Amino acid sequence: MTVLARTVHHFHGTPVWGSAGDVHRIAVSGAGAFVSYARPDQIDASIQFASLVAIDNGAFSAWKRGLVIDWSKFYQWLLAFYHHPKVSFYVIPDVVEGGEKDNDALIRQVPAMLRDKAVPVWHLHESIHRLVELCREWPRVCFGSSGEYATIRTERWHRRMQDAFETIYCKFDFQTQVHGLRMLDGRVLGNYPLATADSTNLACNVPKFNTKYPELTRAIREAEYSRGLSEKELTATILKNRCAILKGAIEAVQPQSITEWVAKGLQPFQLELGIA
């Protein structure tokens, strides 16, 4: 696999629409692209422009929409991209609100030829014992918020994350890399030893000109470089600049290393909730 000069921690969920593909290019250039099987629209462009690409199995989207995925078709589709050097890993099919046996069965169904880049999901409502067993076998594990821990950044969620990391990095001294599903929020990424994380922050918020960060849109409209533009040109300029600015803010936050987190010994939920 190609060795990159820049470590990629941030994977931006696709598709990211706007300005005939320019907004997507800005979003993923120099960063990671997180492409879902449920929305693979921009996988070719992601492989072209991103530093790395990770592929999600689409289980979360399917669960939200009440759909059932034929996993044999997922693996057939995946095979076309699997061997590309920019494809870093993919998320093994999982059942978001399923039992541990259900998810272990799906792991056993991973084709041998697609195992090297496969990453299992530990759902936060599952047992810590299952997390330990996954870390014994796999060099990378995804953390997925689910069950009573479905809402990120609640006190309950923080305590569960703390317990999980303390178990694998303090009690067992694993070096397993953890990918945080939907955890690119700086208040998460900056407080935990996540190797990588993803979110659809850019895809969701860049197009919301007037409802999300309207002051940002106003500043771009009033900028010197926006004067004299047609409405179409101004729209494209707003989209591209909003994407660049929000991307910069997201990527300014870097995760702690395992060593830094263990040495710090502070509970992030206490710091955030002001109960330290």
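Which residue stands opposite F34 in β2? In this predicted model, that place is taken by G13. The strands concerned are β1, covering residues 10–13, and β2, covering residues 32–36; they run parallel and are joined by 3 bridges.

This pair belongs to a wider arrangement. An open sheet of 9 strands is found, with parallel pairing and the order β5-β4-β3-β2-β1-β9-β8-β7-β6. The edges are formed by β5 (118–119) and β6 (121–123), and each of these has a single partner strand, so one side of each is left without a neighbour in the sheet. Helix α6, spanning residues 128–137, packs on the sheet, where α6 touches both β6 and β7 (140–144). The direction of α6 makes about 165° with that of β6.

Turning to the helices further along the chain, α10 (residues 214–222) and α11 (residues 231–251) have axes that come within 10 Å and cross at roughly 130°. The angle falls outside the ranges for roughly parallel, roughly antiparallel and roughly perpendicular pairs, and α10 and α11 are therefore oblique to each other. Their crossing is right-handed.

The residues that bring these two helices into contact can be listed helix by helix. From α10 come L216, T217, I220 and R221, and they meet E231, L234, T237, I238, N241, R242, I245 and L246 in α11. Sorted by class, the contact of α10 with α11 comprises 6 nonpolar, 3 polar and 3 charged residues.

Notes:
Residues are numbered from 1 along each chain as its sequence is written. This is a predicted model: local features need pLDDT of at least 70, side-chain atom pairs count only at pLDDT 80 or more; totals for chains, interfaces and linings use all residues. Side-chain values use heavy atoms; hydrogens and water are left out. Axes are lines fitted to C-alpha atoms, for helices over the stretch in contact, and angles run from 0 to 180 degrees between N-to-C directions. Helices (H or I, at least four residues) and strands (E, at least two) are DSSP runs, numbered from the N terminus. Angles under 35 degrees count as roughly parallel, over 145 as roughly antiparallel, 65 to 115 as roughly perpendicular and the rest as oblique. A crossing is left-handed if the near helix is turned anticlockwise from the far one by less than a right angle, and right-handed if clockwise. Contact means heavy atoms within 4.5 Å. Ala, Val, Leu, Ile, Met, Phe, Trp, Tyr, Cys and Pro count as nonpolar, Asp, Glu, Lys and Arg as charged, and the others, Gly among them, as polar. Two strands pair if DSSP finds at least two bridges between them.
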